[in-house]
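The exercises below are meant to be worked with the sequence and the coordinates side by side. Please try each task before reading the solution that follows it.

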Amino acid sequence: LRRCLMASITTESKERGLFSKRTIEEVRQWALTIRKLKRDVACLTVSTSITVLQWKAAHLAERELPASVAERVGKAEEFWSTYADRHRVVSGVVNTRGGPPGGGGSACAGRPKYGMAWDIHKGPVWRMVSPAPGSLLKKEILHHEAEAGISDAQRGMGYKSRSAPSLQKAKTAAGKAWGGSDPHSPAMIKNMQREILPPIEHRHKYLNQCGSDQVPIPLPFVTGHSKCFDASGRSLVDRELLAFTGVFEDKEEVHEINLFDNALLTDKALSRFLQQMHMEHIHDNLRRLNLGRCLKAGTGTVNAASVLLVACTNLRELSLSQVPIAGRLQLGLARAIGEHPALQVVNLAETGFMPSETTMQSITHILSSRTINNLDMSWNVFDKEAFKLLGDCVTRSPSLKTLRVASCSGNMDIRPAQDVIPPLSLFLEQLAYDRSLTSLDISLNRCDFRTALILEDSLDTHDKLKVLTMSENPLGVLGVRSILRLLCRDHTGLTTFNMEACYGARVTNIGTREIAIFSYTNPGGMYRLELWRPYDR
């Protein structure tokens, strides 16, 4: 790019007679100055690299503390021990070595295990649950459970329930029941089973759903250590997804449902899963819903997502990227998005919007929202009318901060080549009236030097836009100059410009019409302006 720019500047300057003849001594002084500047640049480069390295070192994420590592390992061991103990009858042999029942020990016999335990005075605390103290207590509780008539399959769950992380309900009820009495009495054990057992009941439901022919997935949401259901990138199949539904019933709060990049899930399983999410605690607390890259999703999934979107009034983020949305469902989904009272981030990239009246109405409904500040409509197909409407709606939206419309230019124009108008230019022309956007992505939209000049004119009075992404566009030398002038002006807000993989385009006549090429440094000349063209305007 530098070579092309310098060659063009040199040629233009010579034609205008700006270069006068110089002596050999002047050229020699120039060469010495350039060599000094190159040395200074090298020194500044090294100094900058050192500064960047120091900055990265100062902002490195703190390493996980040993206590946190032990806690994470203990939680995983706790889940798998629950899975292994589902059908095991614990013998009456007292194990004081921390190894498996029956003695004999093992390689990890002396290894301590950690978990959430109930303290009489402090409530739920993280501490060592084995060896000796835990095993003796376990035997005592199992003995009282056997006297109470609890079946072998359920025996021992009262002890395991002491490791549940959510025991708020048990704290009040169990405290009243104790009343200074022995916490290991039969009455107290029954009370603990009634109050403490429900928080981990969902774990046993999930393990029973898995059965003997399906390996369980110890997600933090299942083990009870997270309120976010994050199964992104796990390549789940239908049976594995539906096995999780029992976990949601006993959860007090669910903040996130993330199924991103699970391309094996079918539309039938996804729609059934979303239909079972209609619970009061999910409606009140769900913040993020991500179904991106669920490639087999269809009509049922989109319908279920629209109904769930209306019910979850506190939802903040919705992602349906690469989920095919049928044309007859686009308007209903767009209306639900536009009328949502709290939605802030919406991702509808590559969802199948095409040039149609439905798309026009959908854009109007989506951008009528007063809360959306981040919208991604990339990899859909918009014509000139859709882009113009998009520009009008963006200028009227008071909350929109980030907009992505990468690879959206669809040219349906059948007129001669000299009369074709780049669709994106009609959108960029409207940005002169916008005052809210801070980030814009228009990559892969065939933006040439004409589109860049329109963008330069529109953003000349825009002091909010900070980040502009125009990757993989045929900007050429003239287009890059337009953007560089924007960066150099003090009254514009642009600070970051991404032009990765941009390439040059030959400036030639289109058809029989000679293009009037505007030169910012030398605008003089004869122009034939046809004001129905955005570039000529």
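**Exercise 1. Is Pro-218 buried, partly exposed or exposed, and which residues does Pro-218 touch?**

Solution. Begin with accessibility: Pro-218 has a relative accessibility of 35%, and because partly exposed covers the range between under 20% and over 50%, Pro-218 counts as partly exposed. Keep in mind throughout that this is a predicted model. Next, place the residue, which lies in the loop between α8 (198-210) and α9 (220-223). Then look for its contacts: leaving aside residues up to four places away in sequence, Pro-218 touches Phe-79, Trp-80 and Thr-223. Finally, take one of these partners, Phe-79, which is 139 residues from Pro-218 along the chain, while the C-alpha atoms of the two are separated by 6.9 Å. For the chain as a whole, residues 24 or more positions apart account for 78% of the contacts with a separation of 6 or more.

**Exercise 2. At what angle do the axes of α12 (residues 267-275) and α14 (residues 299-311) cross, and which residues make the contact?**

Solution. The axes of the two helices come within 7 Å and cross at roughly 15 degrees. Angles under 35 degrees count as roughly parallel, and therefore α12 is roughly parallel to α14. As for handedness, α12 passes α14 in a left-handed crossing. On the side of α12, the contact is made by Asp-267, Leu-270, Ser-271, Leu-274 and Gln-275, and on the side of α14 by Thr-299, Gly-300, Thr-301, Ala-304, Ala-305 and Leu-308. Sorted by character, the residues of this contact divide into 5 nonpolar, 5 polar and 1 charged.

**Exercise 3. How do α16 (residues 357-366) and α18 (residues 423-430) each pack with α17 (residues 384-396)?**

Solution. Take α16 beforehand: α16 and α17 pack at an angle of about 10 degrees, with their axes 10 Å apart. That angle makes α16 roughly parallel to α17. Here Met-360, Ile-363 and Thr-364 in α16 meet Glu-385, Ala-386, Leu-389, Leu-390 and Cys-393 in α17, and the residues of the contact divide into 6 nonpolar, 1 polar and 1 charged.

Now turn to α18, whose axis comes within 7 Å of that of α17, the two crossing at roughly 15 degrees. This makes α17 roughly parallel to α18, and the crossing is right-handed. In α17, the residues Lys-384, Phe-387, Lys-388, Leu-390, Gly-391, Asp-392, Val-394 and Thr-395 meet Pro-423, Leu-424, Leu-426, Phe-427 and Gln-430 in α18. The residues of this contact divide into 7 nonpolar, 3 polar and 3 charged.

To complete the picture, consider how far α18 is covered: 7 of its 8 residues are buried, namely Pro-423, Leu-424, Ser-425, Leu-426, Phe-427, Leu-428 and Gln-430. What covers them includes α17, β9 (402-404), β10 (439-441) and α19.

**Exercise 4. What span should the 13 residues of α20 (residues 476-488) have, and what do the buried residues of α20 pack against?**

Solution. At 1.5 Å a residue, the 13 residues of α20 should span 18 Å, and the end C-alpha atoms are 19 Å apart, which agrees. The buried residues of α20 are Gly-476, Gly-479, Val-480, Arg-481, Ser-482, Ile-483, Arg-485 and Leu-486. These pack against α1 (2-15), α19 (449-459), β11 (467-469) and β12 (496-498).

One residue of strand β12 to examine is Thr-496, which at 39% relative accessibility counts as partly exposed. Not counting residues up to four places away in sequence, Thr-496 touches Lys-466, Val-467, Leu-468 and Leu-487.

**Exercise 5. Where do Arg-446 and Ala-501 lie, and what is the phi of each?**

Solution. Recall the background: most residues other than glycine have a negative phi. Arg-446, in the loop between β10 and α19, has a positive phi near 55 degrees, and at 47% relative accessibility this residue counts as partly exposed. Ala-501, in the segment after β12, likewise has a positive phi, of about 65 degrees, although it is not a glycine.

Notes: Residues are numbered from 1 along each chain as its sequence is written. This is a predicted model: local features need pLDDT of at least 70, side-chain atom pairs count only at pLDDT 80 or more; totals for chains, interfaces and linings use all residues. Side-chain values use heavy atoms; hydrogens and water are left out. Axes are lines fitted to C-alpha atoms, for helices over the stretch in contact, and angles run from 0 to 180 degrees between N-to-C directions. Helices (H or I, at least four residues) and strands (E, at least two) are DSSP runs, numbered from the N terminus. Angles under 35 degrees count as roughly parallel, over 145 as roughly antiparallel, 65 to 115 as roughly perpendicular and the rest as oblique. A crossing is left-handed if the near helix is turned anticlockwise from the far one by less than a right angle, and right-handed if clockwise. Contact means heavy atoms within 4.5 Å. Ala, Val, Leu, Ile, Met, Phe, Trp, Tyr, Cys and Pro count as nonpolar, Asp, Glu, Lys and Arg as charged, and the others, Gly among them, as polar. The expected span of a helix is 1.5 Å times one less than its number of residues. Buried means under 20% relative accessible area, exposed over 50%, partly exposed in between (1.4 Å probe, protein chains only).
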